[in-house]
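Here's a walk through a small fold, starting with how its pieces pack and ending with a few individual side chains. Have the model open and follow along.

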Amino acid sequence: SAEFSVEAAKRRIEELISSEDSASPFTDDEICAYLEKEGFRISRRTVSKYRQAAGIPSCIKRKRKET
């Protein structure tokens, strides 16, 4: 298993969220799955903790209605 840096994981979470479709934002589970595919060993709870620490709201709060 590749070692990963907490900072790299936090940065990647922010990148994924900033590139998401605002009509269907990623859940913490989906972010966790993306990170695992990229070689990060991270739990959904850790994704949630990092997201909250970065001041990023949950996917439900990030969801934007298409106008």
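Before getting to packing angles, a word on how they are taken: axes are lines fitted to C-alpha atoms, for helices over the stretch in contact, and angles run from 0 to 180 degrees between N-to-C directions. Keep in mind, too, that this is a predicted model.

**The overall layout**

The protein has four helices and zero strands, so reading from the N terminus the order is simply α-α-α-α. Of its 67 residues, 28% count as buried. If you take the contacts between residues at least 6 apart in sequence, 57% of them join residues at least 24 apart.

**How the helices pack**

Let's take helix 2 and helix 3 (residues 44–53) to begin with. They pack at an angle of about 110°, and their axes are 9 Å apart. Angles of 65 to 115 degrees count as roughly perpendicular, and helix 2 and helix 3 are therefore roughly perpendicular to each other. On the helix 2 side, the residues that meet helix 3 are Asp28, Asp29, Ile31, Cys32 and Leu35. Their counterparts in helix 3 are Arg44, Val47, Ser48 and Arg51.

Now for helix 1 and helix 3: their axes come within 10 Å and cross at roughly 75°. That makes helix 1 roughly perpendicular to helix 3 as well. Here helix 1 brings Val6, Ala9, Lys10, Ile13 and Ile17, while helix 3 answers with Val47, Tyr50 and Arg51.

**Rings and charges**

How many aromatic pairs does a search of the whole structure find? It finds one. There are also lysines placed over tyrosine rings. Lys10 lies over the face of Tyr50, at 5.2 Å from the ring centre. The charged end of Lys37 does likewise with Tyr34, sitting over the ring 5.3 Å from its centre.

**Around Arg62**

Arg62 is worth a longer stop. Its place is in helix 4 (residues 59–62). Is Arg62 buried or exposed? With a relative accessible area of 9%, Arg62 is buried, because the cut-off for buried is under 20%. The side chain of Arg62 reaches the backbone oxygen of Phe26 at 2.8 Å. Setting aside neighbours within four places in sequence, Arg62 is in contact with Ile17, Glu20, Ser22, Pro25, Phe26, Ile31, Arg51, Ile56 and Pro57.

One of those partners, Glu20, lies in the loop between helix 1 and helix 2. Glu20 is buried too, at a relative accessible area of 14%. Again leaving out neighbours within four places, Glu20 is in contact with Pro25, Phe26 and Arg62.

Asp21 is in the loop between helix 1 (6–18) and helix 2 (28–37). Asp21 is partly exposed, with a relative accessible area of 44%. The side chain of Asp21 reaches the backbone nitrogen of Ala23 at 2.9 Å.

Back in helix 4, there is also Lys61. Which side of the cut-offs does Lys61 fall on, buried or exposed? Lys61 is exposed, with a relative accessible area of 61%.

**Far in sequence, how far in space?**

Residues of helix 4 can be paired with others well back along the chain. The table gives C-alpha to C-alpha distances.

| Pair | Apart in sequence | Apart in space |
|---|---|---|
| Arg62 and Ser22 | 40 residues | 6.9 Å |
| Lys61 and Pro25 | 36 residues | 9.3 Å |
| Asp21 and Arg62 | 41 residues | 9.9 Å |

To tie this to the side chains: Ser22, listed in the table with Arg62, is also among the residues in contact with Arg62. Pro25, paired there with Lys61, is in contact with Arg62 and with Glu20.

Note on methods
Residues numbered from 1 in each chain as written. Predicted model: local features only at pLDDT ≥ 70, side-chain atom pairs only at ≥ 80, totals over all residues. Heavy atoms only, no water. Helix = DSSP H or I, 4+ residues; strand = E, 2+ residues; numbered from the N terminus. Buried < 20%, exposed > 50% of the residue type's maximum accessible area, 1.4 Å probe, protein only. Polar contact = N/O pair within 3.5 Å; in protein donor to acceptor, adjacent residues only side chain to side chain. Phe/Tyr/Trp six-rings, centres within 6.5 Å; stacked < 30°, edge-to-face > 60°. Lys NZ or Arg CZ within 6 Å of the ring centre and 35° of its normal. Parallel < 35°, antiparallel > 145°, perpendicular 65-115°, else oblique. Contact = heavy atoms within 4.5 Å.
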